[in-house]
Amino acid sequence: MISIRQRKGVKTTEVSEDYAAQEANVKLENKLPSGCTTRRLWKLLSFTVGGTIALCIGLLTSVYLATLHENDLWFSNIKEVEREISFRTECGLYYSYYKQMLQAPTLMQGFHGLIYDNKTESMRTINLLQRMNIYQEVFLSILYRVLPIQKYLEPVYFYIYTLFGLQAIYVTALYITSWLLSGTWLSGLLAAFWYVTNRIDTTRVEFTIPLRENWALPFFAIQIAAITYFLRPNLQPFSERLTLLAIFISTFLFSLTWQFNQFMMLMQALVLFTLDSLDMLPAVKATWLYGIQMTGLLLVCILQFFNSMILGSLLISFNLSVLIARKLQKNLKTGSFFNRLGKLLVHLFAVLCLTLFLNNVIKKLLNLKSDEHIFKFLKAKFGFGATRDFDANLYLCEEAFGLLPFNTFGRLSDTLLFYAYVFVLSITVMAALAVAFHNLSDSTRQQSTGQLGKCTIILKPETAYNLIHTILFGFLALSTMRMKYLWTSHMCVFASFGLCSPEIWELLLKSIHLYNPKRLSHSKEGRVCWEHAVTGRSQAVHRKDLDQPPTLRRQQPEGADQSGLSDLCKEVPRGRACPPEVLRRGLRHPGRQHLLRAKAPAGLPAAGPAGHRQRAHDGWPRRE
């Protein structure tokens, strides 16, 4: 029984001594919350400064790219027709639809001209909103006609300034992603710096402004940042719902603005499937992301007048196959290492076969042939046979769809980006392999036999997601040069995160057996305040008790622990807050009861009748 009781025969000097101990406790309590408050204020200040720098860096990048464009083309001093000619390749075609909407007498006539277009393809009338991703031009034209800016800003400037403004959002999203991964906004600053200094390989907005990727990649970066935050454990329900909304909106806008959206999101779905299969990602969160991908793509399909190419995409077939196979194959994450590995291979084979089956069935039912040229191009590109298809051969002739030139790595190395990226990538890959092997092992059986302890290497889900993401998109960039802008921008994020993250350096020190638990033990703000408040109070009471004469000391069982807290501290890892149940269990131990057997100070209730729960002077409920 733990209680607050007053022993007979105790002199009045005990009261003063007890009050002295209580005053020391009050002083300690007053100091610790102030320390926690200081940490909160420091965290708020850091968040404010980091957020302000993020916005400023984004705006400065936008102004810098716009200035480069102006200096390169002398854009403000050439004629209107020369400005339109400066939009290269298909960029001029996209801008012509924006101009067509502005020149239409009414918005409805402008929509009609896009839906029944007989100028783009010879001798054919096509629906441009169905065939092409030009909703952004439609939206900008409506915005320009509605806003009272015609007298102050020409249509072409409104168009290009919007694109440069999206670059500000792009850089800010990269900054935030690196910040979320590392925990410090300094890594975000480094990511933005590398993005600008490697602009030849990270963006081409300054000379091909209306390209679809320049519209889509900012929303893709926002989606990655939102997913990175969503994969954090122990999110509050409101924060989780708000993050899911941000993921959905960014996924929808990314899908609406780029024709290659389904292939990019297919790579993203492969990332989620890999992490879910290796038990490095919560299955529930992966399911949410699968559903958001399909919902966003189907909504785009509706806006594009039921574009059949979207319905027959591999992404929808793959996501459906993953969800179906998960329901059919039970106990996928149980068993020994080889048993789980065999189940995983069967699961992979089932998902692959089901994906191909569903995709072929959908294409047969809808009589889809719109994306055959893409698969013919891939088949010819990787040497699986020649093709006489015109569109596929046109892609093969384009340099942008060739292999990534080797001199790209030289340029990235000149700014030290590539070296930092390889360094961080090697460490995280080794950590991911160790975690994957541990997750696939039968930890329950092996721990019961003493063969396997707790895995000392921890890779957070958001870190694992960005790791697999950068690896898959790296392979895509190596095979197709045009897709390098997906990889190089994320390379800036991943390299800066690794250099500024304590997690990566901890993994490095562990790999070379130089890790000391005392290092980085207080890296998370305020996580030891509660433990110090409780243990410090108890130690103060105990130290004061040791100063008493032997006849006045609090009763303590023979052979009990003199420190009163050493065993309790052994149950809690260094740098972790002590859970309430551990403290209760420790304080109920016979050797530590003397920590609670102090006389109640003034203002606190005395010991009540048996069977009633009261609170001791250090806050814990007394059990009768």
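Below, two colleagues talk through a predicted model of one protein chain.

Biologist: Start me off. How many helices and strands does the chain have?

Modeller: There are 27 helices and two strands.

Biologist: And what share of the residues counts as buried?

Modeller: The chain has 624 residues, and 47% of them count as buried.

Biologist: What about contacts between residues far apart in sequence? What share do they take?

Modeller: Take the contacts with a separation of 6 or more. Residues 24 or more positions apart account for 71% of those.

Biologist: Let's zoom in on α24. Which of its residues are buried?

Modeller: Helix α24 covers residues 502-511, and its buried residues are Glu503, Ile504 and Leu507.

Biologist: Why do they line one face of the helix?

Modeller: Look down the axis of α24. The buried residues fall within an arc of 100 degrees, so they line one face.

Biologist: What do they pack against?

Modeller: Three helices: α20 (417-440), α22 (461-479) and α23 (484-500).

Biologist: Which residue caps the N-terminal end of α24?

Modeller: Ser501 does. One of its side-chain oxygens lies 3.2 Å from the backbone nitrogen of Glu503. Glu503 is also one of the buried residues of α24.

Biologist: And what happens just after α24?

Modeller: His513 takes a positive phi there, of about 60 degrees.

Biologist: New topic: holes. How do we find empty space in a model?

Modeller: Roll a probe the size of a water molecule over the atoms, and it shows where empty space is left.

Biologist: How many cavities of 30 Å³ or more are there?

Modeller: The structure holds six. The largest has a volume of about 80 Å³.

Biologist: Which helices each supply at least two residues of the lining of that largest one?

Modeller: α7 (155-182), α10 (212-230) and α23. α23 came up before, as a helix that the buried residues of α24 pack against.

Biologist: Give me some names. Which residues line the largest cavity?

Modeller: Among them are Tyr170, Leu174, Phe220, Ile224, His469, Ser489 and Val493.

Biologist: How does the lining split by class?

Modeller: Eight residues are nonpolar, four are polar and none is charged.

Biologist: Last one: Ser62. Where does it lie?

Modeller: Ser62 lies in helix α1, which runs over residues 13-73.

Biologist: Is Ser62 buried or exposed?

Modeller: Ser62 counts as buried, because its relative accessibility is 11% and the cut-off for buried is under 20%.

Biologist: What is Ser62 in contact with, leaving aside its neighbours within four places in sequence?

Modeller: Phe164, Gly165 and Ala168.

Notes. Residues are numbered from 1 along each chain as its sequence is written. This is a predicted model: local features need pLDDT of at least 70, side-chain atom pairs count only at pLDDT 80 or more; totals for chains, interfaces and linings use all residues. Side-chain values use heavy atoms; hydrogens and water are left out. Buried means under 20% relative accessible area, exposed over 50%, partly exposed in between (1.4 Å probe, protein chains only). Helices (H or I, at least four residues) and strands (E, at least two) are DSSP runs, numbered from the N terminus. The arc is that of the directions from the helix axis to the C-beta atoms. Contact means heavy atoms within 4.5 Å. A polar contact is a pair of N or O atoms within 3.5 Å; within protein, one must be able to donate a hydrogen and the other to accept it, and residues adjacent in sequence count only if both atoms are side-chain atoms. On a 1 Å grid over the protein atoms alone, a cavity is a set of points where a 1.4 Å probe fits but cannot get out, and a pocket is an open set with protein on both sides within 12 Å along at least five of seven lines; lining residues have an atom within 4 Å of a point. Grid points are joined across faces, edges and corners, and a volume is the space filled by probe spheres set on the points. Ala, Val, Leu, Ile, Met, Phe, Trp, Tyr, Cys and Pro count as nonpolar, Asp, Glu, Lys and Arg as charged, and the others, Gly among them, as polar.
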